[in-house]
Each structure stands twice: as structure tokens, then as C-alpha cells.
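Below is a short colleague's note, set out as numbered points. Please read it with the structure open.

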Amino acid sequence: MFSLPALRSLVLLLLALALATPVLVVAGSWLAGASPNWGHLSSTVLPSYLRHSLFLALFTGTGTLLIGVAAAWAVSRFRFPGRRVLEWALLLPLACPAYLIAYTWTGMLASEGALQQALPLPLPDIRSPAGAGLMLTLVLYPYVYLMTRAAFVSQSAVALEVARTLGAGPWRRFFRVALPLARPAIIAGLALVLMETLADYGTVAYFGVPTLSTGIYRTWFGLGDAMAAAQLAGVLLLAMVVLLTLERRARKERRISVASARAAAPLPLGRGPGLLLAAALWLPVLLGFILPALQLLVWSLPRWRDLAEPGFLGLLGTSLLIALCTALAATGLGLLLIWARRLRRDRPRRLAAGLAGFGYAVPGTVLAVGVVLVLASLDRGLNNLLASVGLPEPGLLFSGTLFAVVFACTVRFLTIPIQGLDAGLQNLSPNLDNAARSLGTASLPMLRRVHLPLLRVPLATSALLVFVDTLKELPAALVLRPFNTNTLAVRAFELASDERLADAALPALTILLAGVAPVILLTRSIRNPHQESPHADH
């Protein structure tokens, strides 16, 4: 017989398994054998998908390493004009999804675009694999910068001073001392960049670059083969598992860069070198946020009256509804799993939190495939059951409504509240729980009267991050939305794909402005580098 705590642990594990079902279905798609179309895919388009995905990973990984590590070293080790502003301004490109700056840079570099008109020389066509890699680099380097800067700031001043007394110059101290100590943080940031690169759909689809992410969509809707799409998604999921394993191993090894009692003080630069360094650091901010934001604003100003149009209000309402439901569901489930694990740290509860937190590593296209397969089977089973007892069939109750989008986004972003609330609960002493129990307080009243008031900030932060990430989510919404239903991200993508860039500006600018909120939250990590953001940890 199960005890009551053990039964609760089993229920939590079953809940986590239900949330992980779409991923498990994709992972197990090969168990039934290869799809009849797999031979055709592997001999024609699969090599191109793999080649372009690998190229983007190498291009973006190299670019984000160069920008992120160099920027982190500069702002943590040197004092120059504008350094305090650049510390947080270098995070601003995170507010702009890659597909949005892809639209804006395409418009600015077009023959009638602002930059092409301002410069006398013809500019290159950005709609290429290298152009897609550049767009991804400009918005993803802050992940490497954020984690690497925290590692640099927390490094011991003694190690650098010892290296200097042994005759090591600035470059040698950087490559032989500072960089090896920060390597685990750099690898963790790089793994996250590579996962985001392989998961990207909007940029590569708009630029016409065939990758695994776009191949899943084309296979599903072009060939009409859900099984082949699931198996192609399994290839992408395998790559994500490898990258996630590398990231977690790197995170475990971060103990080699523990903060010491005295951090190294920034070295002052002369006015000339300082201004040159500041100009170089402002360049990725200019290209990745300021210019795209200004261009979207210029395009949007003549259309400001559209803000009150029913069409835009409908898009905004649907997007906000999906984002709000996802934020509430993900935050509530995250709180349930982490709080239950605090009450009883048995293996089922630890496994439940781990399973539920895996979704962030799964691309939206992969989740969309899994969600459709799961919810379509659930709809068929429910309709058949009701028909067998003579009741009317409800139709696509799960897979044909907004529930599918909310479910997919909840699975994808559940790891944000799990990590954020886990960090928050770890800061609460177990003595609080013991004191409450000694006063006769049961578990639920203790959660309401003790834990929740102390977790207001992690709860609000996690909910806001999930809300904004859901607003920006494109592939899951594109695949799972009901007929005649759009979100801001999907509408901006459709208009941009039709070369109506100016018309796409208003929904795109709305998404960008919403994305500034997490960046403001991340600036807290800049002020206190030892306290990482829950979003930056994944």
C-alpha cells in the first residue's frame, strides 16, 4: 500500500510525464520504423538541412564567442567612458527576436531602404545563410556576454596579480589565467546559443535557408507526412540533448571560478583608447537593437491609427490571452513541482522536476509535432468514446483550439519558473518550515502564509519572463493556432513573407517593446553577478 506522501509523489511524476509526452512521442517516433518518405528525404533534402544547420551553428557560435567574451572582458577589466551604461546596454539585443531584425535589416538593405539610399555603394544581399547567421549572432551574443561577465567579475584578483608578478603581459594573463577560469561559464553560454540557433525557425524560413527546423515544417505541410516530420524532429531533438548535456556538465564544473574575497579592480584606459573601445562595444548594440528598433518605429508611425483597428486589437488580444494563460499555467505548475520537492525530496519528485524542466531545450517546431500527435490522438479517442455511447462528438476540442498553443508554450517555458522558484526557495532557511510546523501549521497554510509572501519577486519575475517569451514564440503558434486565428508573431511573419515589411512593423514593434521587460530584469544580474537570472540559466 502506498502512503499518502508516496501517492502524492506518484501523482506529481505522472503530471510531469504528461507534460513531457509530446517530447517522448517525438523521441520514440523511430520505434515504429522509418516513414515511407524517409528514404526520399535522406537522399535529397536531409544533407542540405544538416549542412546548413551545421554552418549556422558554427557561424553563430564563433560570432557570439568573439563578441560576448570580448565585451565581457572589456567591461569587467577596464574603465572607460560609458562603461556603466554599456554593462546593461549590451543586453538590449535580447529584446529583439532574430526574425524581427531579419525583417528590418532586409528592408534597410533593400534598394529603396534607408541604408542603401544613404550609402553610395551597393550593399550585399543579406538573405543568405551567412546573413541568417549574422542576425542570430546579433541577438544571441548577450547569453555568452552575461554568463562570461559574471565569471570574470567573480574571479580572484590574486590569480591575475600572481600572473603579472611572474612576467605575464595583459594578453597572456587573459589567455592563460582569466579565460581558462571562465571556460565553464563560456561553454554553458555557448551551448545555449547553439540550442537557440538550431531551434530558430522565423529567420531561416524568411531568408529561405533550409535547416532541420524549416525541414520539419516543410515535411509536415508539404508532404503531409506527420511521421516523417516527427522523425526529422527526432534528429533535431538528439542534437539538443547533446548540447543540453554539455551545458549541464559545464555548469557543474563552474566551481573552479568561485568568487574570492577581493575581485580585480578595473584598469583605467586613456581617453583615446577608451573612446575607441566604447565605440566598438556600441556597434553590436547599434546593429542588434537600436537601428532595428528605429526602423520599426519609422515604419509604424504612419500606421499608428491601426492600433485601434479591430484587426490589430484581435491580434493583440489573442496574443495576450495565450501569453497570460501560459504564464499562469507555467508559474503555477513550476511552483507546485518545486514546492512539493521541498516538502519531500524523494526520487519521484526530483525526477518530476527534471522531466518538466526539459522543455526549454526543445525547439518550437519539435514541440508542435509532438503536441499535434498527442492531442490529435486524444481528440480521436474522446470522439470515438462519445460516439460509442450515442453522445455528440465535440470535434477537435484539444488540437483545434488555443489549448494546443498554450500547452506547447507551457511545456517549452516551464523550466523558467522551475529554475527561478527553485533558486528562491533555496534562499529560504529550512528553519522557517520547522518553525511553522512546530506551531501546528499544515503544508498548504504554510505555503500561503510563509512561502508565497517571500516568493513574490521570483513568482512575478518568472511569470513575466514566460509571458514575454510566449509573445515572441513563432513556430509553435504558426503550426498549432486554430484556423482564422493569428498572433502578433505569426502576423508579422506572414506580412514579412509577403514582402509587406512596413505593414509588419506594428506587430513587430509591439513584440520588441514587450521584450525589453526581461532585459530590465537581467540588469539585476549585472548589478549582482553572483545572482543569475532564471532565464539566463537555460
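Which residues of helix 1 are buried?

1. The model is predicted. In helix 1, the buried residues are S9, L12, L13, A16, L19, A20, P22, V23 and V26. Several of these positions can be read against the helical repeat. An α-helix has 3.6 residues a turn, so residues three or four places apart point the same way.

2. Helix 1 covers residues 4-27, which is 24 residues. From first C-alpha to last it reaches 33 Å, close to the 34 Å expected at 1.5 Å a residue. The helix nevertheless bends by about 55 degrees at T21. A proline, P22, follows within four residues of that bend, and P22 is also among the buried residues of the helix.

3. On aromatic contacts, a search of the whole structure finds 10 aromatic pairs. In one of them, F55 and F59, the ring centres are 5.8 Å apart and the planes are at 45 degrees, so this pair is tilted. Both residues lie in helix 3 (residues 46-77), 4 residues apart, about one turn of the helix. F55 counts as partly exposed because its relative accessibility is 35%. F59, with a relative accessible area of 30%, is partly exposed as well.

4. A second pair is Y103 with Y206: the centres are 5.1 Å apart and the planes at 80 degrees, so the geometry is edge-to-face. Y103 belongs to helix 5 (residues 98-109) and Y206 to helix 10 (residues 202-207), so the pair ties together parts that are 103 residues apart in sequence. Y103 is buried, at 2% relative accessible area. Y206 is buried too, at 3%.

5. Y206 has a charged partner. The charged end of R127 sits over the ring of Y206, 4.4 Å from its centre.

6. Which residues touch the most other members of the largest nonpolar core? They are Y103 and L480, in a core of 154 residues. Helix 7 (residues 129-153) gives the most to this core, with 13 residues.

7. Leaving aside residues up to four places away in sequence, Y103 touches Y206, W299, A492, F493, A496 and L501. One of these, F493, is also part of an aromatic cluster with Y201, Y217, W220 and F221. Y103 thus has contacts both with its edge-to-face partner Y206 and with a member of that cluster, F493.

How values were computed:
Residues numbered from 1 in each chain as written. Predicted model: local features only at pLDDT ≥ 70, side-chain atom pairs only at ≥ 80, totals over all residues. Heavy atoms only, no water. Phe/Tyr/Trp six-rings, centres within 6.5 Å; stacked < 30°, edge-to-face > 60°. Helix = DSSP H or I, 4+ residues; strand = E, 2+ residues; numbered from the N terminus. Buried < 20%, exposed > 50% of the residue type's maximum accessible area, 1.4 Å probe, protein only. Lys NZ or Arg CZ within 6 Å of the ring centre and 35° of its normal. Expected span 1.5 Å × (residues − 1). Bend = angle between axes of the 7 residues up to and from the residue. Core = buried A, V, L, I, M, F, W, Y, C linked by side-chain atoms within 4.5 Å. Contact = heavy atoms within 4.5 Å.
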